[in-house]
Amino acid sequence: MIADNLIYYAIFVFIMMVIGLVLTVLEFRHGKPRRQQEEAEKNPASVADFKNSSVGRPAR
C-alpha cells in the first residue's frame with residue numbers, strides 16, 4: 001500500500017477508538033456499574049451479606 005492511503009485507515013481506526021472510549025465512559029458513568037455502586041452505598045448490609053455468604057467458596 002502507498003503511505004498516502006494508510007492515513008485513511010489510521011483516521012478510521014482513531015475514530016473507532018474514540019467512539020469506544022466515549023461509550024465506555026458513558027457506560028461507567030450511567031450504566032450498571034454506577035447503579036451497583038449507588039445500591040451498595042444505600043444498603044451496605046447487602047454488601048456485607050454478600051461478602052459473608054458461602055457462595056463462590058470452594059467446598060472443603
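The protein exposes about 5900 Å² in this predicted model. Carbon and sulfur atoms supply 64% of that area. Few residues are shielded: of the 60 residues of the protein, 2% count as buried.

The secondary structure is helical. The protein has 3 helices. It has 0 strands. Read along the sequence, the elements follow the pattern α-α-α.

One helix pair was examined in detail. Helix H1 spans residues 3–30, and helix H2 spans residues 32–42. Their axes lie 4 Å apart. The two helices pack at an angle of about 20°. Angles under 35 degrees count as roughly parallel, so H1 is roughly parallel to H2. The crossing of H1 past H2 is right-handed.

The contact between the two helices involves residues from each. H1 contributes Glu27, Phe28, Arg29 and His30. These meet Lys32, Pro33, Arg34 and Arg35 in H2. By residue type, the contact of H1 with H2 divides into 5 charged, 2 nonpolar and 1 polar. Phe28 in H1 and Pro33 in H2 count as nonpolar. Among the charged residues are Glu27 in H1 and Lys32 in H2. His30 in H1 counts as polar.

Conventions
Residues numbered from 1 in each chain as written. Predicted model: local features only at pLDDT ≥ 70, side-chain atom pairs only at ≥ 80, totals over all residues. Heavy atoms only, no water. Axes fitted to C-alpha atoms, helices over the stretch in contact; angles between N-to-C directions. Parallel < 35°, antiparallel > 145°, perpendicular 65-115°, else oblique. Left-handed = near helix turned anticlockwise from the far one by under 90°. Contact = heavy atoms within 4.5 Å. Buried < 20%, exposed > 50% of the residue type's maximum accessible area, 1.4 Å probe, protein only. Areas by Shrake-Rupley, 256 points an atom, 1.4 Å probe, with all protein chains shown as cover.
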